[in-house]
Amino acid sequence: MSRPSRAALAAIGIGVSASSAVADEFPIMDHSRPVHCMKDTRGDMWRIQCDHAAKVCLYAASEELDSTGERAKPLERVRDCDPMPIARAKLEEDGYQFLPGRADAPWGWTRDERGRVFQINFDLKRRLYFGVGYTPQKVLDNLDDPFQNKRSSLDFGMLVLDFMTGEDTKNPTRHRLRFLEGEVHVEPFSAQLVVAHYDLSHRFIDPLLRITTFVGTPQRHDLTLDLGLWSEAGGLEIHPTPIGHSSIWKHAQAAITLDLWQSPRMDSFIRVRSGMGLEGQHTDGTGYRSAITETSAFEVDWVVDDEGFHNVRFEVVHELPRYFVPLIGGQKLAQRMRARLQYEAIVLAINDQPLTFKLAAGGEKRDDIFGVPDRWAFVMDAGLRFSLWAPPRPPSGPIRAAL
Amino acid sequence: VKAALAIAAATAFAGSAAADPCTGVSSAGRFALCFDPGNRLSITAGSDGFGATLALRHEIHFDDEPDLVWRLEHTLLDATHAGIENRFSGSLYRAHFIRHARDGHIVIPVGRPKKVFLPFDIGAFAEVGRVTWSDDSAARLGIVNVAGLVDLARAHSFRGRLAIGPSARWAVDLEQMRALGDHHVSAFTTGMISLHGESSNGRLVGDLRTEGGMVWHTGRGWEAEVTGEATLERIMLAINDRPIALSLGVRYASETDEAMARVGARIVLAQRRDPRVSLQ
């Protein structure tokens, strides 16, 4: 406990001695329970919250304290408080203990002992982000010198926005929008970009099929299919080739998704998807050719903790572009496979805007680009991302009801 | 008709009997003395050609944290064509986002989270879809240009910004349909300075944005580059309270070693009236 804070709390004028304070810890008031206000003998306002079962009342100044312990300005992000209905003396007579605490803060926020509020819960599925990373060389993209190891990368997402509809019903839907999301690597150059992405997950309360078995005691088995949609438009991949670059223009893709698992708010999921897309490949020296692409994928998106600090993504994608014009080898059907695992964790927040550490590993195998060997190539990324917005994650149902 | 076409010479307002600092009064009626340069649809004509732009800006406030405000400035479809020459520059979307708070801070989420205070606001610059071409150079598409900014000015309004920060961008030369040329990438290896100032009545506005650092090109590797652009606008008169401004600008790019100065006029077609103006 800092000296100024101890001094400030010891100066409480309502007759509670600092010696009764818990020396090292100031419990924070519960934002879901009533808070009352009381003036001390000097006229300063205090916030009080009593636990009548434990007969403990927490008190905190109704203003932020400066570094000297003086009241500096009104508390931010506090609720209005009602006057204290019972006199302090009466409560003490009844055996109540008064302890210094921290004023209540809304969901996703907390306060330090000086009453300063700050965010401790972040929704990385609602943000604008950009980041920089270090990417050890990927063999696929560097055929001349596979041990070259000097490339950096940047990634960006101009808008990442998830939102729910029908949240208070038994059939909620989660919508996921992404605009202009991508990454760029230099030395050698490769890039991928998606202009617009939209997918949705829906929770079906009624089973698509219910199977009753009559062997032994009749039993009912429900088969619920949480189907959804997935779509992207304006995708672009650029890869180096021995004679230049190959650009794959993914004009539009659409797929059906099947959620194998959903978290209560559907911000975490395990799913498979399958669909079709229209794309074209322009490779230096060979020109442009169009294709219809069959795509299948297995995806995991998992927000590990309630505060949103740890985020894991994993995907395995299999694509089969069927070209209208044969490739160099004469075949019209090509194959692409890739897998990627990404972990992103919040390191710190600057003005309540999170800075995250990203660690990713992936592999890729493809035979659609002339000159690129048809073998697995692996890559790792490590970097930092800065996010704007990232409000607190919405509370889950029971907590939301309590708030 | 006379009343409708009443021209308020902004420079002559001092002689009028002003009801308040933002509203002038003459025998013909009231007229605006203050303008909102951040919310307008305007066209330009000048030595660099003809253009148009849509500017929008707004604030987001929070009832439970009055000291916090997000200031969002958007510029959409900002384009200029030289007219008789084959030269074009345009941007699909450009924005400054500044989070202004009375207390800047870093939260360190180790153990019980700690709060360390900082003397600046934070924000970002983002530009998407910048296109340039001319007879002398290939068309270039700026796919994305972003910067994380710290705003040292910490102004309480849109009228001031002194922001610096690391920037990143990805641009590509367009050779022909679906064929991409050289790529130009800064992976936060450049820095940006973004200055903005405007008078309290909105009649004088200045902007400076410069980026410098190392940029990687697919054809040439890493090169040191500097780009900069400064503009100054002064509203000289208004027609039906829609301002016409004299615009001066200068632009420099070290990659092409090209410096260009321009002078022209900005004519506002539609605008959000400054809320301080009372014409009733």
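# Chatting about two chains and their gaps

Colleague: Hi! How many residues does each chain bring to the contact?

Modeller: Chain A brings 52 residues and chain B brings 47, where contact means heavy atoms within 4.5 Å. This is a predicted model, so local features need pLDDT of at least 70 and side-chain atom pairs count only at pLDDT 80 or more, while totals for chains, interfaces and linings use all residues. Residues are numbered from 1 along each chain as its sequence is written, chains are lettered from A in the order in which they are written, and side-chain values use heavy atoms, with hydrogens and water left out.

Colleague: And what area is buried between chain A and chain B?

Modeller: About 4,100 Å², with carbon and sulfur atoms giving 68% of that. Buried area is the accessible area (1.4 Å probe) that two parts lose on being put together, summed over both.

Colleague: Which residues in chain A lose the most area to chain B?

Modeller: Those are Arg77(A), Phe130(A) and Asn351(A), together 16% of what that side buries.

Colleague: Which aromatic cluster is Phe130(A) in?

Modeller: Phe130(A) forms one with Phe386(A) and Phe188(B). Over all chains there are 9 aromatic pairs, counting rings of Phe, Tyr and Trp (its six-membered ring) whose centres lie within 6.5 Å.

Colleague: New topic: what is the volume of the second largest pocket?

Modeller: About 660 Å³. On a 1 Å grid over the protein atoms alone, a pocket is an open set of points with protein on both sides within 12 Å along at least five of seven lines, and lining residues have an atom within 4 Å of a point. A volume is the space filled by probe spheres set on the points, which are joined across faces, edges and corners.

Colleague: Which residues lie nearest the centre of that second largest pocket?

Modeller: Of 27 lining residues, Leu128(A), Leu388(A), Trp389(A), Trp70(B) and Leu72(B) do.

Colleague: How many cavities of 30 Å³ or more are there?

Modeller: There are 9; in a cavity, a 1.4 Å probe fits but cannot get out. The second largest cavity holds about 70 Å³ of space. Among the 13 residues lining that cavity, Ala60(A), Ala61(A), Gly101(A), Glu113(A) and Gly115(A) are closest to its centre.

Terms used. Phe/Tyr/Trp six-rings, centres within 6.5 Å; stacked < 30°, edge-to-face > 60°.
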